[in-house]
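Biologist: Could you take a close look at one part of this protein for me? I'd like to hear how the barrel is put together, and then how the rest fits around that picture.

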Amino acid sequence: MFTTRRWWENKTLKLALLGLILGGAWTIKEKNGELLMELYQSFMSPLTTLQSSNTTDNRIRDAKVMELQTRVVELQTQNQRLQKLMGYVEKGGASNRPVVARVVGRSADHWWQQVTVNRGAKVGIKPGFVVKAEGGLVGLVQTATPHTSRILLISDATSQVGVTISRTAAKGIMRGDYSGEGVLEFYEKVPNIKVGDLVVTSTYSQKFPPGEPVGKIKSLDLKKLPAPLAKVELFPPIRYLDWVMIYPHVTTKLEAIPNKTKDNQSNK
């Protein structure tokens, strides 16, 4: 009797352990591992949160570094541009020293027509003053308030400029075509020109000083009627103007103007 009792006690412990294992297996099977997943998630959640926090901090730190690097590059670029402009100013001499201004306004609807700069009548700027940038002629001051000026660009179709070809002295009228190019109509029916010829303002021009760089001949249409036409690649960066120089226009003695020209054309 005693032996049977001891045997039963030993078996009872083993059977209890076996039942516990089977019960746990059944629970896992019935709940599709939800219990284990909950235990896993409760263990990993703090680690995931910590990792996410570190990632966010790294991104914020990287963004700040990129912001500072961008500011440094922008300041360096602006400094280089201003140094170039100041070099032009010094070459111009004190008697014809321009006002350096920055473009602060440009309408998407009038991108190739006009810009607004941050200097105006307060520093002596008046309508009709000549505007230049790196590369050459940009346009004319159209209107001026005490602190701003509106510039009519040579890329505007109404901004007609008297120009000449440096190599042959062939002359004509250039107008803008709302892009980085100009359209040049010659006075002569068979002008002596070729692709690559340089274009400057003419001595016939009444609103621009002569000899100002404008661009170069990009293409020709000598059969165009009533006058030959040429496409002019403009030198100044009209597309992305940033800083400009504004000069008082000094009237010069005019040569005889061909009958084909019109003195009252705008910006000629």
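Modeller: Here's a walk through the barrel, followed by the wider chain and a bit of its surface. Keep in mind that this is a predicted model.

The barrel is built from 6 strands, which close up in the order 1-2-5-4-3-12 with antiparallel pairing. On average, neighbouring strands of this sheet are turned by 45° against each other, if you ignore direction. As a general point, strands of a sheet pair through backbone hydrogen bonds, either parallel or antiparallel.

Let's zoom in on one pairing. Strand 3 covers residues 130-133 and strand 12 covers residues 243-247; the two run antiparallel and are joined by 3 bridges. If you want a spot to click on, try Lys132, whose bridge partner in strand 12 is Met245.

Stepping back, the protein has 2 helices and 12 strands. Reading along the sequence, you meet the two α elements and then the run of β elements: α-α-β-β-β-β-β-β-β-β-β-β-β-β. Among contacts between residues at least 6 apart in sequence, 58% join residues at least 24 apart.

Now for the outside. Of the 268 residues, 33% count as buried. The protein exposes about 17,000 Å², and carbon and sulfur atoms supply 58% of that. One place to look is a nonpolar surface patch of about 240 Å², made by Val195, Leu220 and Leu222. Val195 sits in the loop between strand 8 (181-186) and strand 9 (198-201). Val195 counts as exposed because its relative accessible area is 52%, and the cut-off for exposed is over 50%.

Definitions and conventions
Residues are numbered from 1 along each chain as its sequence is written. This is a predicted model: local features need pLDDT of at least 70, side-chain atom pairs count only at pLDDT 80 or more; totals for chains, interfaces and linings use all residues. Side-chain values use heavy atoms; hydrogens and water are left out. Two strands pair if DSSP finds at least two bridges between them. Helices (H or I, at least four residues) and strands (E, at least two) are DSSP runs, numbered from the N terminus. Axes are lines fitted to C-alpha atoms, for helices over the stretch in contact, and angles run from 0 to 180 degrees between N-to-C directions. Buried means under 20% relative accessible area, exposed over 50%, partly exposed in between (1.4 Å probe, protein chains only). Contact means heavy atoms within 4.5 Å. Accessible areas come from the Shrake-Rupley method with a 1.4 Å probe; for residues, only the protein chains shown count as cover. Patches are made of residues with over 30% relative accessible area and no salt bridge: like charges are joined within 9 Å, nonpolar side chains (Val, Leu, Ile, Met, Phe, Trp, Tyr) within 5 Å. A salt bridge is a side-chain nitrogen of Lys or Arg within 4 Å of a carboxyl oxygen of Asp or Glu.
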